[in-house]
Amino acid sequence: MQTDSNNPNPSNVAATNSNSPAVKFFIPPTQRRKFFLLFTSMTVLGWVVGGVFSLAVERILTQILAASGSLEMQTWSYGIKLLSNIVFAVVFATDQALVMRRYLSGWRWMIATTIGWLTADCVATAWINYIASIANSLNETLSPELVIIFGLLSTIAYIFSGIWMGLLQWLVVRRYTTKSWWWNLVPSVAFLLISLLVWLLSLMQNFIPEAILYSSQQGFTAIILGIVPAIGFCSLKRRLQKQVLENVEHIKE
């Protein structure tokens, strides 16, 4: 992913505008509105396009295996699902990286977000399956209270799986910002809001057609995944400004 020559990299921005107070912000105040709209829009686009591509890959491979008469469909289904998730994660991360490349390494962000998303998905799926196996092992009809408890545990597992994605993204973000440890929690905050939204929409499932309900869940999920990190980026302080000042002091000495 090559940066455009008209888009200055972070070091050039800090070097040419070291006297500007706005440089201390990772996203300068004059660029925040544009960045917010671009990042959210590209996140939504990545969610939609990635979803379409991943479903297409999954469907095509499944049809090929079915046509070949493979007797190991269950074994292959895991590999197909994993490949589908990889396709989605790469498209989703790439769309975000197209915006982020002006402020940090686009390649690093794409790789970190791709691996982070896949890791979070695997961890969440493993915990949710484990919780489901415990529920199934009871060999009895679950009471409404137990259904709520197991559902809550699955939701918590989903929310905290975002820490893995946040950790991998933080490894990139920390190279360009200061005091950014809280970025580890940003995806989890987004997952929490998504969970609350899905719960609220589920309360209206008897009043909204299923197709509209599903589309609404997907649409709002994509928007939240764009808005929450965008707000986080606008709150960060740039590390390069501090480095420039330290270099100046060193030269004076």
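How many helices and strands are there in the protein chain? There are 9 helices and 2 strands, where helices are DSSP runs of H or I with at least four residues and strands are E runs of at least two, numbered from the N terminus. Before I go on, a word about the model: it is predicted, so local features need pLDDT of at least 70 and side-chain atom pairs count only at pLDDT 80 or more, while totals for chains, interfaces and linings use all residues. Residues are numbered from 1 along each chain as its sequence is written, and side-chain values use heavy atoms, with hydrogens and water left out.

Let's walk along the chain. From the N terminus on, the order of elements is α-α-α-α-α-α-β-α-α-β-α. Of the 253 residues, 35% are buried; buried means under 20% relative accessible area, exposed means over 50%, and partly exposed is in between, with a 1.4 Å probe and protein chains only. The chain exposes about 15,200 Å², and carbon and sulfur atoms supply 66% of that; these areas come from the Shrake-Rupley method with a 1.4 Å probe, and for residues only the protein chains shown count as cover. Now take contacts, meaning heavy atoms within 4.5 Å. Among those between residues at least 6 apart in sequence, 77% join residues at least 24 apart.

On to the inside. The largest nonpolar core has 41 residues; such a core is a set of buried Ala, Val, Leu, Ile, Met, Phe, Trp, Tyr and Cys residues joined through side-chain atoms within 4.5 Å. The members that touch the most others are Phe26, Phe35, Met100, Trp109, Trp117, Leu225 and Phe233. Two or more residues each come from helix 2, helix 3, helix 4, helix 6 (162–173), helix 7 and helix 8, and helix 8 gives the most, with 8 residues. As a general remark, nonpolar side chains tend to be buried together in soluble globular proteins. Have a look at Phe26 on your screens: beyond its neighbours within four places in sequence, Phe26 is in contact with Met100, Tyr103, Leu104, Tyr176, Thr177, Phe233, Leu236, Lys237 and Arg238.

Next, the open spaces. On a 1 Å grid over the protein atoms alone, a pocket is an open set of points with protein on both sides within 12 Å along at least five of seven lines, a cavity is a set where a 1.4 Å probe fits but cannot get out, and lining residues have an atom within 4 Å of a point. Grid points are joined across faces, edges and corners, and a volume is the space filled by probe spheres set on the points.

The largest pocket holds about 930 Å³ of space. Its lining has 29 residues, with Trp47, Phe88, Trp117, Tyr214 and Gln218 nearest the centre. Trp117 is also one of the core residues I listed a moment ago. At least two lining residues each come from helix 2 (32–67), helix 3 (73–100), helix 4 (106–137), helix 7 (186–202) and helix 8 (210–235). By type, the lining has 16 nonpolar, 10 polar and 3 charged residues; Ala, Val, Leu, Ile, Met, Phe, Trp, Tyr, Cys and Pro count as nonpolar, Asp, Glu, Lys and Arg as charged, and the others, Gly among them, as polar.

The second largest pocket has a volume of about 310 Å³. Its lining includes Ile128, Leu152, Tyr158, Leu192 and Trp199, and helix 5 (144–160) and helix 7 each give two or more residues to it. Here the split is 8 nonpolar, 3 polar and no charged. Tyr158 brings us to Thr125: the two are 33 residues apart in sequence and 7.9 Å apart in space, C-alpha to C-alpha. Thr125 lies in helix 4 and counts as partly exposed because its relative accessibility is 35%.

What about closed spaces? There are 2 cavities of 30 Å³ or more, and the largest has about 100 Å³ of space. Of its 14 lining residues, Gln96, Met165, Gln169, Leu225 and Pro229 lie nearest the centre. Helix 7 supplies the largest share, 4 residues, and the lining divides into 12 nonpolar, 2 polar and no charged.

One last stop: the loop between strand 1 (177–178) and helix 7, where we find Ser180. Is Ser180 buried or exposed? Ser180 counts as buried because its relative accessibility is 4%. Leaving aside neighbours within four places in sequence, Ser180 is in contact with Trp170, Val173, Arg174 and Leu236. Lys179 lies in that loop too, but counts as exposed because its relative accessibility is 71%. The phi of Lys179 is near 50 degrees, a positive value in a residue other than glycine. In general, most residues other than glycine have a negative phi.
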